[in-house]
Amino acid sequence: MRRQAPAAARHRAPLLDVLRPHLPARGLVLEVASGSGEHAAHFAAALPHLAFQPSDPDPAARTSIDAWAEGLANVRPALTLDAAAETWPIERTDAVVCINMIHIAPWDAAVGLIRGAARLLPANGTLFLYGPYFRCGVTTAPSNLAFDRDLRARDPAWGLRDLDAVSSLAASHGFSAPQI
């Protein structure tokens with residue numbers, strides 16, 4: 001059964017526009033925390049020269065991902081992947097994409113995501129993260145503040161992350177400064 005996320009429908013085209021120039025000409029793109037599967041299906045349809053490996057720890061999400069991928073020869077069946085796990089069920093990839101996960105997960109998931117991406121990616125491989133962030137010295141939108149409060153009310157381990165903290169974590173695993 002296909003799940004639908006209204007935000008995915010709104011953001012998929014602009015995300016593809018930003019992502020496209022940073023992806024390799026050929027190769028495998030791992031999407032961590034694919035959720036409904038709408039992004040993977042949209043990206044794969046637009047980029048037939050790339051193979052996409054969606055993943056999610058939730059069985060219902062993987063069912064939705066596979067339903068969205070029906071008919072797309074360049075999308076592999078969804079993997080069970082917990083970003084915080086020490087080992088992942090994949091040995092290499094040419095790019096890692098993670099959309100709207102690190103704020104809706106404990107910090108350990110962000111740590112695991114960066115650690116796993118560093119292990120799987122080639123030198124100069126792309127790690128693409130999308131989501132709302134706090135930025136030191138920059139006032140965020142009131143809607144982001146309300147979203148952060150809502151996330152933390154649902155689970156105190158969740159919430160918007162500070163971009164500097166994410167950048168420092170990535171730098172400690174060999175990634176260059178982020179392009180925003």
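In this predicted model, four strands form an open sheet in the order E2-E1-E3-E4, and their pairing is parallel. The edges are taken by E2 and E4, each of which has a single partner strand, so one side of each is left without a neighbour in the sheet. On average, and with direction ignored, neighbouring strands of this sheet are turned by 20 degrees against each other.

The pairing of E3 (95–99) with E4 (126–130) can be described residue by residue. These two parallel strands are joined by five bridges, and Val97 stands opposite Phe128 in E4. Helix H4 packs on the sheet, where it touches E1, E3 and E4, and its direction makes about 155 degrees with that of E4.

**Helix H4**

H4 covers residues 107–120. At 1.5 Å a residue, its 14 residues should span 20 Å, and the end C-alpha atoms of H4 are 20 Å apart, which agrees. The buried residues of this helix are Ala109, Ala110, Gly112, Leu113, Ile114, Arg115, Gly116, Ala117 and Leu120. An arginine, Arg115, is therefore listed among the buried residues, as its relative accessible area falls under the 20% cut-off. In an α-helix there are 3.6 residues a turn, so residues three or four places apart point the same way.

What do the buried residues of H4 pack against? Their partners are strand E1 (27–32), strand E3, strand E4 and helix H6 (163–172).

The contact with H6 can be given in detail. The axes of H4 and H6 come within 9 Å and cross at roughly 35 degrees, and the crossing is right-handed. On the H4 side the residues are Trp107, Ala110, Val111 and Ile114; these meet Ala165, Val166, Leu169 and Ala170 in H6. By class, this contact has eight nonpolar residues, with no polar and no charged ones. Ala110 and Ile114 take part in this contact and are also listed among the buried residues of H4.

**Helix H2**

H2 runs over residues 38–46, and its buried residues are Glu38, His39, Ala40, Ala41, Phe43 and Ala44. The elements covering these buried residues include two helices, H1 (6–19) and H3 (59–68), along with the strands E1, E2 (50–54) and E3. Strand E1 thus appears in the cover of the buried residues of H2 and is also touched by H4.

**Loop residues**

Three loop residues are set out below, with their locations and relative accessible areas.

| Residue | Loop | Relative accessible area |
|---|---|---|
| Ala85 | between H3 and E3 | 24%, partly exposed |
| Asn100 | between E3 and H4 | 27%, partly exposed |
| Asn124 | between H4 and E4 | 81%, exposed |

Which phi values do the two asparagines have? Phi of Asn100 is near 55 degrees, and phi of Asn124 is near 65 degrees. Each is a positive value in a residue other than glycine. Asn100 is in the loop leading from E3 to H4, while Asn124 is in the loop between H4 and E4. With 81% relative accessible area, Asn124 counts as exposed because exposed means over 50%. Asn100, at 27%, is partly exposed.

Ala85 lies in the loop between H3 and E3. The C-alpha atoms of Ala85 and His49 are separated by 30 Å, and the two residues are 36 residues apart along the chain. At 24% relative accessibility, Ala85 counts as partly exposed.

Technical notes
Residues numbered from 1 in each chain as written. Predicted model: local features only at pLDDT ≥ 70, side-chain atom pairs only at ≥ 80, totals over all residues. Heavy atoms only, no water. Expected span 1.5 Å × (residues − 1). Buried < 20%, exposed > 50% of the residue type's maximum accessible area, 1.4 Å probe, protein only. Contact = heavy atoms within 4.5 Å. Axes fitted to C-alpha atoms, helices over the stretch in contact; angles between N-to-C directions. Left-handed = near helix turned anticlockwise from the far one by under 90°. Nonpolar A, V, L, I, M, F, W, Y, C, P; charged D, E, K, R; others polar. Pairing = 2+ DSSP bridges.
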